[in-house]
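The following exercises ask the student to read helix packing, burial and contacts from a structure. Each task is followed by a solution in steps.

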Amino acid sequence: MRWNNKNQAIIVNGDSGAGKTYSARHLLQYLATIESFSEKEIHTLEDRICSTNPILESFGNAKTIRNSNSSRFGKLMQLNYSKGKLATGQIKSYLLEQTRVSSQATGERNFHIFYQVVSGLSQSEKESLCLNRSFKIISSEPTEDDAQNFYETRQAFFELGFSDSDFKSVLGILAILLNLGNVGFSLNEIWNVKEDEEEWVTVCKLAGVDAASLANCLTVRKISAGTLDKRAGVIFSPCETEAECISRRDCLMRLIYSTLFCWLIDQLNKKLSGVTGDSFIGILDVYGFESLFKNSLEQLCINYANERLQFFFLQNFLKFQKLSLMDEGVEIIDTGTMNNDAVINILDGPSSVFGVLNEECRMKRYPTETLVVERIKKAIKQALVESSQKQQPKYEDIYEFKVQHYAGEVTYSAVGILEKNSDQVPVEMVSLLSHSKNGLLRKLFKDDPKLSPSSKSGRKHTVLAKFKKSVDDLLSMLENCEVHYIRCVKPHESMNPGPVDPVYLMRKLKECGVTDTVRLSSLGLPVRITFDEFFGRFKCLTNVPCADHREFSQLLIDLLIKSNASINLSQIQIGKKRIFMSDQVYEYLETMRIGIRRNAVRKIWCSWCSYKLKRRIKAALIIQRCWKEYITLKKEMAAIKIQAAYRSYKCRCTYKKIIGAVIFLQRHTKQMIIRRKEEAEKRSSQMQDSLLEDSLCLTSIPTTYTGDYTDSSGIVSPIGSDLEDFVSVRKRTSATESLTDKVERNSFKAVAIVSPFRESLSPNKKNETGKTELQSLDDSRIEASTFSSVYNITYLAEAKEFLKGLHWKRGILSVRRIPEIAVVFLLSKKCLNFAENLPQSERPRGLLDILD
């Protein structure tokens, strides 16, 4: 489809029970899987398409004597694609076997959904739907698989988006059918419904209709004269037999179930709707060819559809292939007659089975079944004569007729075939159900225009006419598609597993045309290639230049025939547009082509390996050069770092030497200063001691004093107004502490002591400014006893000790020696090399800072 943008169709065909439904299911799953392989979303279109299978199989499949899961309807699953992506899905159904709802053959079952409902519902759900009893339309007991399948069916409804109320409504319709099958009739002057039965009450309750109106529809026939638009009259006729009442009841059951099935198909198509596609892939799962013990109208339609599909296969594949070979001018071997036109003419022709049955249904009479069979046999005989076939089938029963199909002879029974073909639905039933109180039941019959009482169609078409039209539409659709075929064949006739029956298998393969297909494909040169494709694929086998592709093909074929004796013209031929060859010749050409391509690949590989090796060598050289440059640069950086470290080391050594010299100088300078200081103090002490020993007299101490003293806290305070206050300081000290120690402890820095010596002391000298100056100890003398009495000093030793720590200079008495000279420090680089390297706050301010 993506290559040629053409619609595709896959026809799954074969006998009943050969595995068509199973194959179609896997085809659908495969197409959905490859479409959603990269998708991770849940509930996508692909998931919904796969979820339709459980629903369709539950409502449309049943068990037969040939198959446990036989499709009782035809199905076309159409996958619409838009721009190569799956866009929508659509389901088309053909000929649902409605009669199975009311009756089944011996050994067969009803549709799967009835058994699933009975076995899968819970006890409370069964009680709400009145399903706690046995039902006549269920011919056998449900199995455990039915309960599991019901769970899958319910899950499929929810995955497709059906609500819980919708699913319960569908279960209500099925409950109506199950209970309606148990409704009986009794004769009381006229036939009437057994209204006292529980099933009848349940049906009226679930259907939401009036019991009297429903009973009237089942037991009274309404006969209308004239057309639908102009009724001449209406006659009500009660049913004369119980069989007529049962027939009307079964007709109502078939009508409800078929309408429900069509509604489900419409709802599924709505769930799968989406963007309109530009191409599609159709999977056709049709009924398999059937030949049962009793064959009726359903088997006639099924086998007719298989005949039409077989004719389509023969015409569009085998016969078309044969004609295409002849048009190309290629000689082929005759494969025999491949035609089933005669069977199709018997079934559907000017004088055919379908024609007789449709004509009898349209006539206003009630013919006997023997008359219908006679007319059918006559039509079959005439069709055989027209097809130049003289062999006539032998009949054993007056109610049967035989048709020789492509898959074998089938005997059909004419009993009840006209009633099934006419498919007469009483108008009063449709009108009653369209006004039902059951929401889904009312919707089923109101929304369908074909069932509307006011419809002008009036359901005039028979079942055969409608089925033939649907088959014609299907084949016209297939003609516009590229068709692919899947043939399902059983290994033996029975349903049990076992060995393969070769005779049966070969007969089936021959009947469905598989053997003719294989023979034509093998003997008719199956490999067919156009000249352009042949040139594009095998031009590497020769170097001879040819402008025309046909000329190249002829030249290459001549070379092959000359070079290989096993190849001749019967195995390879040139047509008008294509080249035809056998598998052996094609394989030989492919072998030569592969050998040449391998040699070319080997050369390309060698060249590529050489190119890669050269690139690797070149890359290795570049890496080596870059590495050497890197190593050299690294060595240079290392040498620079070593030089910097060595220079730093030398500077540190020089710095340490200078610091060591400075420290050495400081140490010796401190020692010298300390020695000098100690010597000076020693000399001063000796001098004071000598003075005290000679004379303790102060002759010219002034009567007043000025000055401040500073205590240990750094606060400057004036000393008292006279010397007595100063002496009183001594009295306030402890008895064990001398006055000198007290003065030293309070750190007197500058004290000018002037004591008022009244009469005994001489007047003070005045300087040029008029200020009084203290006389030195050399000029003033005072006796120790006088000093002691004046200053209230008891002991002479204490006076000596007090005067020992005093120093005199320019009339100033202090506890420290006043420096004789001023010291100026020069902090230039010539004096101290390291001074400029220190911060401003850490630079020395004087000699003591340097000594420290």
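**Exercise 1. Burial of a helix**

Task: Determine which residues of helix α12 are buried, and decide how the helix is placed relative to the rest of the structure.

Solution. The model is a predicted one.
Step 1. The buried residues of α12 are V353, F354, V356, L357, N358, E360 and C361.
Step 2. Helix α12 spans residues 353-362, and seven of its ten residues are buried; therefore it is largely enclosed by the rest of the structure.
Step 3. At the start of α12, a side-chain oxygen of S352 comes within 3.4 Å of the backbone nitrogen of G355.
Step 4. As background for the chain, 42% of its 852 residues are buried, and its secondary structure comprises 27 helices and 22 strands.

**Exercise 2. The pair α6 and α7**

Task: State how the axes of helices α6 and α7 are oriented, and list the residues that meet.

Solution.
Step 1. Helix α6 covers residues 164-180 and helix α7 covers residues 198-207; their axes come within 9 Å and cross at roughly 155°.
Step 2. An angle over 145 degrees counts as roughly antiparallel, and therefore α6 and α7 are roughly antiparallel to each other.
Step 3. The crossing in which α6 passes α7 is left-handed.
Step 4. From α6, the residues A175, I176, N179 and L180 meet E199, T202, V203, L206 and A207 of α7.
Step 5. Sorted by class, this contact of α6 with α7 contains six nonpolar, two polar and one charged residues.

**Exercise 3. The pair α2 and α9**

Task: Carry out the analysis for helices α2 and α9, beginning with their axes.

Solution.
Step 1. The axes of α2 (residues 45-60) and α9 (residues 242-271) come within 11 Å and cross at roughly 175°.
Step 2. This angle makes α2 roughly antiparallel to α9.
Step 3. On the side of α2, the contact is made by R48, T52, I55, L56, F59 and G60; on the side of α9, it is made by Y257, L260, F261, L264, I265, L268 and K271.
Step 4. By class, the contact of α2 with α9 has nine nonpolar, two polar and two charged residues.

**Exercise 4. Three individual residues**

Task: Classify N269, D166 and S186 as buried, partly exposed or exposed, and describe the surroundings of each residue.

Solution.
Step 1. The classification needs two cut-offs: buried means under 20% relative accessible area, and exposed means over 50%.
Step 2. N269 is found in helix α9. Its relative accessibility is 17%, so N269 counts as buried. The side chain of N269 reaches the backbone nitrogen of I91 at 2.7 Å. Leaving aside residues up to four places away in sequence, N269 touches G89, Q90 and I91.
Step 3. D166 is located in helix α6. With a relative accessible area of 32%, D166 is partly exposed. A polar contact of 3.0 Å joins its side chain to that of S163. The C-alpha atoms of D166 and L440 are separated by 8.2 Å, although these residues are 274 residues apart along the chain.
Step 4. S186 belongs to strand β6, which comprises residues 185-188. Its relative accessibility is 28%, so S186 counts as partly exposed. Leaving aside residues up to four places away in sequence, S186 touches W191, N192 and K194. From C-alpha to C-alpha, S186 and C245 are 10.0 Å apart in space, with their positions 59 residues apart in sequence given as the separation.

Definitions and conventions:
Residues numbered from 1 in each chain as written. Predicted model: local features only at pLDDT ≥ 70, side-chain atom pairs only at ≥ 80, totals over all residues. Heavy atoms only, no water. Axes fitted to C-alpha atoms, helices over the stretch in contact; angles between N-to-C directions. Helix = DSSP H or I, 4+ residues; strand = E, 2+ residues; numbered from the N terminus. Parallel < 35°, antiparallel > 145°, perpendicular 65-115°, else oblique. Left-handed = near helix turned anticlockwise from the far one by under 90°. Contact = heavy atoms within 4.5 Å. Nonpolar A, V, L, I, M, F, W, Y, C, P; charged D, E, K, R; others polar. Buried < 20%, exposed > 50% of the residue type's maximum accessible area, 1.4 Å probe, protein only. Polar contact = N/O pair within 3.5 Å; in protein donor to acceptor, adjacent residues only side chain to side chain.
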